[in-house]
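I'm opening a fresh notebook page for this one. My plan is to look around the ligand, then check a few residues that caught my eye.

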Amino acid sequence: MSSIISRTVVLKSRPDGVPTADNFAIRETTLPDLEGNQVLIKNRFMSVDPYMRGRMRAGKSYAAPFATGEVMNGGAVGEIVKSCNPNWPVGDVVLHMNGWREYHISSGIGLTRVDESIAPMQAFLGVAGMPGQTAYFGLLRVGEPKSHETVLVSAAAGAVGGMVCQIAKIKGCRVVGSVGSDAKAQWLLDEAGVDDVVNYRQESDLTAAVAAKCPKGVDVYFENVGGAHLDAALANMNLFGRIPCCGMISQYNNQGPAAGPSNMTLIVGKRLKLQGFIVSDFAEETDDFYRDFQQWREAGLIKWQESVLPGIERAPEAFVGLFTGSNQGKMLVELNV
Ligand code: NDP
């Protein structure tokens, strides 16, 4: 046994509705010595993501459920601090799927080397990683926006949404973002360069609010939220509009069947295309993403924000914050601070 103690986060119980801190427990383990070709990774940042809510249910989602009483997992970046593997020397910074813990022992399988000349390491959990790729492929491959079209984005100041807005601007679109706070709206206008914003929490009639901000209708609605947002988007879509269905976070904590949008029949007459997608559908095309990301970044066209909570004990709070909207940009937890 080594003398290193690693704290981890365990799923103590499955949430009923919105998750609370009581659904999680912090556990300490003493790490074993390295064997064979193993390396020891000291995690520096871990990601909390909305899709993890689906994994907290016992039933099937698009990723396997977390087991209760077991350490959770998810995206993390860390530094190799001990190595018995010549392919993975001490000092390398790596991206991997064993977050929710301070340290991880790996055989090297499933590690991706992080190139910090592209972006700071934690950005590989956000704008330069899975959420950035989700925005890129969802908007460009599924939404297929054309110059001068109107793109409406929900959860627009989040990890995915913020990037969608900026890529749509790069492609010459008129962009309107929907968010839940004035601070988020201001960031979108001042930094991300969107054309207009809706603070949905201040609107009693979201359909009318979207109509006012999108006088020529909506050609692409990037769906992150579902529920009333989908209803409002459908009502404002133009003929042959596209709706890349990325996520529906307003539905993730439902305890029973939810009311659907009231106006689904509009899909027919307006000839709309709604298509769900998962970022991994585009795993073969990540070179395209990094080529464009680097070019746009160097041209100063990509900005991002991070909400970083320090210490693994704050990981449950960070996760729950995704559902209350406490994050501006990518929600992260800094580990081993
Ligand atoms: P965000 O950084 O956008 O954080 C979540 C945000 O969602 C909150 O800040 C909040 O913003 C908004 N939100 C939460 N609850 C509600 C609600 N009830 N009604 C309206 N808005 C709400 O998260 P991500 O960028 O990581 O994820 C955004 C979406 O993309 C999610 O639906 C997620 O599941 C999906 N996703 C899908 C992937 C795929 O492969 N298909 C991959 C990654 C993400 P606000 O304050 O503005 O309300």
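Before anything else, I need a cut-off: I call a pair of N or O atoms a polar contact when they lie within 3.5 Å. I also keep in mind that this is a predicted model.

**Entry: the ligand**

I started with Lys-184, and found one of its polar side-chain atoms 2.6 Å from an oxygen atom of the ligand. That pair is a polar contact because the cut-off is 3.5 Å. Tyr-252 also puts a polar side-chain atom by a ligand oxygen, here at 2.7 Å. With Val-279 it is the backbone that matters: a backbone N or O atom lies 2.7 Å from an oxygen atom of the ligand. I then looked up how much of the ligand is covered. On its own it exposes 910 Å², and the protein buries 93% of that.

**Entry: the shell**

Which residues come nearest to the ligand? Out of 27 around it, I noted Lys-184, Tyr-200, Tyr-252, Val-279 and Asn-327. I sorted the shell by type and got 17 nonpolar residues, nine polar ones and one charged. Three helices each give at least two residues to this shell: α2 (130-143), α3 (159-170) and α9 (315-324).

**Entry: Met-130**

I moved on to Met-130, which sits in helix α2. Is Met-130 buried or exposed? Neither, it turns out: its relative accessible area is 34%, so I log it as partly exposed, the class between 20% and 50%. Leaving out residues up to four places away in sequence, Met-130 touches Asp-49, Tyr-51, Phe-124 and Val-279. I paused at Val-279, since I had already met its backbone beside the ligand. Met-130 and Val-279 are 149 residues apart along the chain, yet their C-alpha atoms are separated by 7.3 Å.

**Entry: positive phi**

Last, I went through backbone angles. Most residues other than glycine have a negative phi, so positive values are worth a note. Trp-100 has a phi near 60 degrees. I found Trp-100 in the loop between β5 (93-96) and β6 (103-106). Its relative accessible area is 0%, so Trp-100 counts as buried, the class under 20%.

Glu-144 is another one on my list, with phi near 45 degrees. Where does Glu-144 sit? It is in the loop between α2 and β8 (150-154). I write Glu-144 down as partly exposed because its relative accessible area is 42%.

Conventions: Residues are numbered from 1 along each chain as its sequence is written. This is a predicted model: local features need pLDDT of at least 70, side-chain atom pairs count only at pLDDT 80 or more; totals for chains, interfaces and linings use all residues. Side-chain values use heavy atoms; hydrogens and water are left out. A residue is near a molecule or strand if one of its heavy atoms lies within 4 Å of it. A polar contact is a pair of N or O atoms within 3.5 Å; within protein, one must be able to donate a hydrogen and the other to accept it, and residues adjacent in sequence count only if both atoms are side-chain atoms. Accessible areas come from the Shrake-Rupley method with a 1.4 Å probe; for residues, only the protein chains shown count as cover. Helices (H or I, at least four residues) and strands (E, at least two) are DSSP runs, numbered from the N terminus. Ala, Val, Leu, Ile, Met, Phe, Trp, Tyr, Cys and Pro count as nonpolar, Asp, Glu, Lys and Arg as charged, and the others, Gly among them, as polar. Buried means under 20% relative accessible area, exposed over 50%, partly exposed in between (1.4 Å probe, protein chains only). Contact means heavy atoms within 4.5 Å.
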